[in-house]
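I opened my notebook today to look around one protein chain and write down what I found. Come along and check each entry as you read.

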Amino acid sequence: MDYVQHAFYKASHWNYENSYSQLTTTARALLDFETPRGLRLNLSSLSSPNFATSYAIGSVGLVDGSLSYLYTSLPLHTTSQSGKIDLHDVIHGYRQIQELRRPDQPWMWEEWQGGKRIDKRTSLLYGRLYLPQSTLEALYLRRISPTQQLKLSAVSDGRLRNGGTILALHQYDVGKYSAETLYSTDGGLLGLRGIYNFGLDPRKENTEAPRTEDRFYGRFSAGAEMYYGSLNKSGGVSFGGRFATLPAHKGAPLTATLTLNPLMGNLSTTYAVKAGKNLALCSKFDFNVYSYESEVKLGCELWRMKTRVPEKKERSMAAKLEWRLDPVEENLAPVPEEVAGVLKARVDQSWKIGILWEGRVKELLFTLGSSIDMKRKDQPFRAIGLEIQYSS
């Protein structure tokens with residue numbers, strides 16, 4: 001379902017990565033990935049461009065599962081078959097940030113019929129029911145304007161205070177900067193966060209071409225968030241910065257972040273680099289100025305590629321070229337490749353290791369992982385799991 005939601009963002013021209021909450025998304029994907037536990041099966045289907053369903057069943061102690069439904073008023077013409085989908089779109093790993101996109105003009109959203117405006121705003125509805133706990137999740141997403149979006153999420157569970165919680169989030173993004181205001185019924189939380197991108201403004205006509213000959217061509221972003229709980233009378237604040245290279249950068253892509261929480265005294269730095277075409281490395285250092293406690297994490301991901309088998313049309317064209325009388329220059333086009341899988345691994349200073357292998361077998365997507373604690377000699381393997389997914 002995350003893939004469908006990202007397809008909705010792309011179709012509605014919303015840059016979900018231009019947010020303070022996504023500042024460290026690359027490091028989280030390389031270091032904080034979840035390893036599956038037990039056996040879990042997922043069956044998803046995009047039955048129509050506007051409707052998707054998903055069913056899951058797992059076995060971790062007791063048999064559990066979930067039912068999910070998604071509806072969008074904006075037709076999504078995207079590949080949903082698990083045998084054809086690009087694994088880069090469903091596997092979270094190192095993602096290079098892109099150039100800022102110029103927001104749509106308000107007149108682009110106008111719709112006229114019979115001399116009257118009949119503008120419609122795209123929306124997305126999502127619901128998920130967990131069994132046998134009977135926990136219900138709901139999401140309502142609505143595009144208000146080319147630069148604004150409203151997001152409402154709710155959870156209904158008898159084990160929570162007041163039986164559930166609701167989170168309201170208003171997002172405003174013009175490319176150069178973005179701001180978000182939020183309110184949660186859990187503790188009466190009020191929050192404000194934003195991010196500012198230094199450099200060229202996508203809203204203006206930029207006649208100056210990027211200096212791609214520079215050693216580091218990238219973008220620096222800085223942001224902050226503030227929140228206050230009206231019920232428990234407590235608050236917090238954090239600051240963060242990120243430098244990431246852009247696609248025009250000729251060297252190795254890299255991303256470096258720094259986040260600071262002055263009230264708690266936490267300082268966190270991350271550095272991720274794509275050391276090769278299919279290899280990415282990442283490191284994270286956390287330090288607390290009050291307790292002098294620190295934590296170090298190292299992680300990597302290695303993509304396995306394989307030569308793509310040409311389709312029938314491509315094979316027939318190759319056969320025709322073999323009968324040409326004039327010589328044909330060889331290696332005019334690179335050999336097509338596709339992702340066969342990706343191996344992720346992480347380790348911290350306590351020798352807690354996480355290993356994850358994600359890939360595809362025929363028409364099935366699979367995730368195989370394990371958590372290992374090297375200090376526990378009696379039982380080092382804390383969890384081993386396998387997740388299988390089929391999408392149509």
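**Entry 1: a strand residue**

I started at E337, which I found in strand β18, running over residues 337-348. I bear in mind that this is a predicted model. Is E337 buried, exposed or partly exposed? Its relative accessibility is 43%, so I noted E337 as partly exposed, since buried needs a value under 20% and exposed one over 50%. Next I looked up its distance to T307. The two residues are 30 places apart along the chain, yet 4.4 Å separates their C-alpha atoms. T307 also sits at the end of strand β17, which covers residues 294-307.

**Entry 2: the whole chain**

I then stepped back to see the chain as a whole. I counted four helices and 21 strands in it. The chain has 392 residues, and 35% of them count as buried. I also looked at contacts with a separation of 6 or more, and 50% of these join residues 24 or more positions apart.

**Entry 3: how far to trust the model**

I checked the predictor's confidence before going on. The mean pLDDT of the chain is 85, and 89% of the residues reach 70 or more. Where does pLDDT stay under 50? I found such a stretch at residues 327-332, and there the model has one contact beyond four places in sequence. I made myself a reminder: where pLDDT is low, the predicted coordinates should not be read in detail.

**Entry 4: the largest cavity**

My next search was for enclosed empty space. Rolling a probe the size of a water molecule over the atoms shows where such space is left. How many cavities of 30 Å³ or more are there? I got two. The largest has a volume of about 70 Å³. Its lining is made by E17, Q22, L23, T25, T26, R95, I97, R242, A244 and T255. Helix α2 (25-31) and strand β13 (234-245) are the elements that give two or more residues to this lining. Sorting the lining by class, I wrote down three nonpolar, four polar and three charged residues.

**Entry 5: the second largest cavity**

The second largest cavity holds about 30 Å³ of space. Around it I listed L23, T24, T25, T26, A27, T255, T257, T270 and A272. Helix α2 and strands β14 (254-261) and β15 (266-273) each supply at least two of the lining residues. Which element gives the most to this lining? It is α2, with three residues. By class I found three nonpolar, six polar and no charged residues here.

**Entry 6: a closer look at T26**

T26 caught my eye in the lining of the largest cavity, and I met T26 again around the second largest cavity. T26 has its place in helix α2. With a relative accessible area of 9%, T26 is buried, because the cut-off for buried is under 20%. Leaving out residues up to four places away in sequence, I found T26 touching Y94, R95 and A272.

**Entry 7: an open pocket**

I moved on to the second largest pocket, with a volume of about 1,100 Å³. Its lining has 40 residues, and K10, Y16, E17, R95 and Q98 lie nearest the centre. Helices α1 (2-11) and α3 (87-90) and strand β17 each give at least two residues to it. The largest share, five residues, comes from α1. By class I noted 14 nonpolar, 12 polar and 14 charged residues in this lining.

**Entry 8: aromatic rings**

Last, I looked for ring pairs, and the count came to 10 aromatic pairs. How do the rings of Y9 and Y16 lie? Their centres are 5.6 Å apart and their planes meet at 25°, so I called the pair stacked, because stacked means planes under 30 degrees apart. Y9 is buried, with 9% relative accessibility, whereas Y16 is partly exposed at 26%. Another pair, Y196 and F198, is edge-to-face, with 5.0 Å from centre to centre and 80° between the planes. Y196 is partly exposed at 36%, and F198 is partly exposed at 43%. I closed the notebook with a cluster: ring pairs link F8, Y9 and Y16.

Terms used
Residues are numbered from 1 along each chain as its sequence is written. This is a predicted model: local features need pLDDT of at least 70, side-chain atom pairs count only at pLDDT 80 or more; totals for chains, interfaces and linings use all residues. Side-chain values use heavy atoms; hydrogens and water are left out. On a 1 Å grid over the protein atoms alone, a cavity is a set of points where a 1.4 Å probe fits but cannot get out, and a pocket is an open set with protein on both sides within 12 Å along at least five of seven lines; lining residues have an atom within 4 Å of a point. Grid points are joined across faces, edges and corners, and a volume is the space filled by probe spheres set on the points. Ala, Val, Leu, Ile, Met, Phe, Trp, Tyr, Cys and Pro count as nonpolar, Asp, Glu, Lys and Arg as charged, and the others, Gly among them, as polar. Buried means under 20% relative accessible area, exposed over 50%, partly exposed in between (1.4 Å probe, protein chains only). Contact means heavy atoms within 4.5 Å. pLDDT is the predictor's confidence in each residue, from 0 to 100. Rings of Phe, Tyr and Trp (its six-membered ring) pair if their centres lie within 6.5 Å; planes under 30 degrees apart count as stacked, over 60 as edge-to-face and the rest as tilted.
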